[in-house]
Amino acid sequence: MSLLDEARAVREAAYAPYSKFKVGAAVRGASGRIYRGCNVENVAYPEGTCAEAGAIAAMVAAGETELIEVAVIADAPAPVPPCGGCRQKLAEFGRGDTPVLLATVSGTSLASTIAELLPGRFEVAHMSGSSG
Ligand code: THU
């Protein structure tokens with residue numbers, strides 16, 4: 001199954017009773033293994049988590065800290081861009097040129113990269129020289 005098909009499949013499991021907007025994400029770790037995540041909402045709205053965060057958590061729980069490919073899918077008129085927080089989360093474990101495929105259930109897609117999604121990312125180097 002392709003990375004996008006994995007994201008499409010896990011999307012079905014999304015828990016989104018409030019927004020009714022189901023999202024699926026799949027990331028490929030450096031090992032080649034695929035990790036999947038869906039959005040999980042909460043009645044206390046800010047406690048909900050995004051599909052990308054779930055996929056990243058599954059990857060890290062399995063012992064991997066490097067992702068080499070990402071796919072995200074939702075049922076929307078146009079490919080849904082990851083939220084700002086998820087862009088930073090993806091940047092933590094990927095490289096600037098890591099491909100991110102944004103797709104819709106109806107079949108349109110947009111190929112992007114982590115650097116395109118998050119130019120000027122905050123990195124460890126930005127903290128060097130700080131005296132605390
Ligand atoms: N959502 C994601 O899971 N990923 C995205 O990239 C965009 C938004 C979720 C969060 C919330 O459960 C719902 O979509 C509506 O914002």
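**Exercise 1. The surface patch**

Task: In this predicted model, determine which residues form a nonpolar patch on the surface, and classify Tyr-15 as buried, partly exposed or exposed.

Solution:
Step 1. The nonpolar patch on the surface consists of Tyr-15, Tyr-18, Val-40, Val-43 and Tyr-45. Together, these residues have about 540 Å² of accessible area.
Step 2. Tyr-15 is located in the loop between helix H1 (3–11) and strand E1 (23–29).
Step 3. The relative accessibility of Tyr-15 is 43%. Partly exposed residues lie between the limits of 20% and 50%; Tyr-15 therefore counts as partly exposed.

**Exercise 2. Two further residues of the loop**

Task: Classify Ala-13 and Lys-20 as buried or exposed, and state the phi of Lys-20.

Solution:
Step 1. The loop between H1 and E1 holds Ala-13, and Lys-20 is also found there.
Step 2. A residue is exposed when its relative accessible area is over 50%. Ala-13 has 53% and is therefore exposed; Lys-20, with 67%, is exposed as well.
Step 3. Most residues other than glycine have a negative phi. Lys-20 is not a glycine, yet its phi is positive, about 60°.
Step 4. As for distance, Ala-13 lies 21 Å from Glu-69, C-alpha to C-alpha, and the two are 56 residues apart in sequence.

**Exercise 3. The largest pocket**

Task: Describe the volume and the lining of the largest pocket.

Solution:
Step 1. The volume of the largest pocket is about 280 Å³.
Step 2. Its lining comprises 20 residues; Val-23, Asn-39, Thr-49, Cys-50 and Ala-51 lie nearest the centre.
Step 3. Sorted by class, the lining has 13 nonpolar, five polar and two charged residues.

Notes. Residues are numbered from 1 along each chain as its sequence is written. This is a predicted model: local features need pLDDT of at least 70, side-chain atom pairs count only at pLDDT 80 or more; totals for chains, interfaces and linings use all residues. Side-chain values use heavy atoms; hydrogens and water are left out. Patches are made of residues with over 30% relative accessible area and no salt bridge: like charges are joined within 9 Å, nonpolar side chains (Val, Leu, Ile, Met, Phe, Trp, Tyr) within 5 Å. Accessible areas come from the Shrake-Rupley method with a 1.4 Å probe; for residues, only the protein chains shown count as cover. A salt bridge is a side-chain nitrogen of Lys or Arg within 4 Å of a carboxyl oxygen of Asp or Glu. Helices (H or I, at least four residues) and strands (E, at least two) are DSSP runs, numbered from the N terminus. Buried means under 20% relative accessible area, exposed over 50%, partly exposed in between (1.4 Å probe, protein chains only). On a 1 Å grid over the protein atoms alone, a cavity is a set of points where a 1.4 Å probe fits but cannot get out, and a pocket is an open set with protein on both sides within 12 Å along at least five of seven lines; lining residues have an atom within 4 Å of a point. Grid points are joined across faces, edges and corners, and a volume is the space filled by probe spheres set on the points. Ala, Val, Leu, Ile, Met, Phe, Trp, Tyr, Cys and Pro count as nonpolar, Asp, Glu, Lys and Arg as charged, and the others, Gly among them, as polar.
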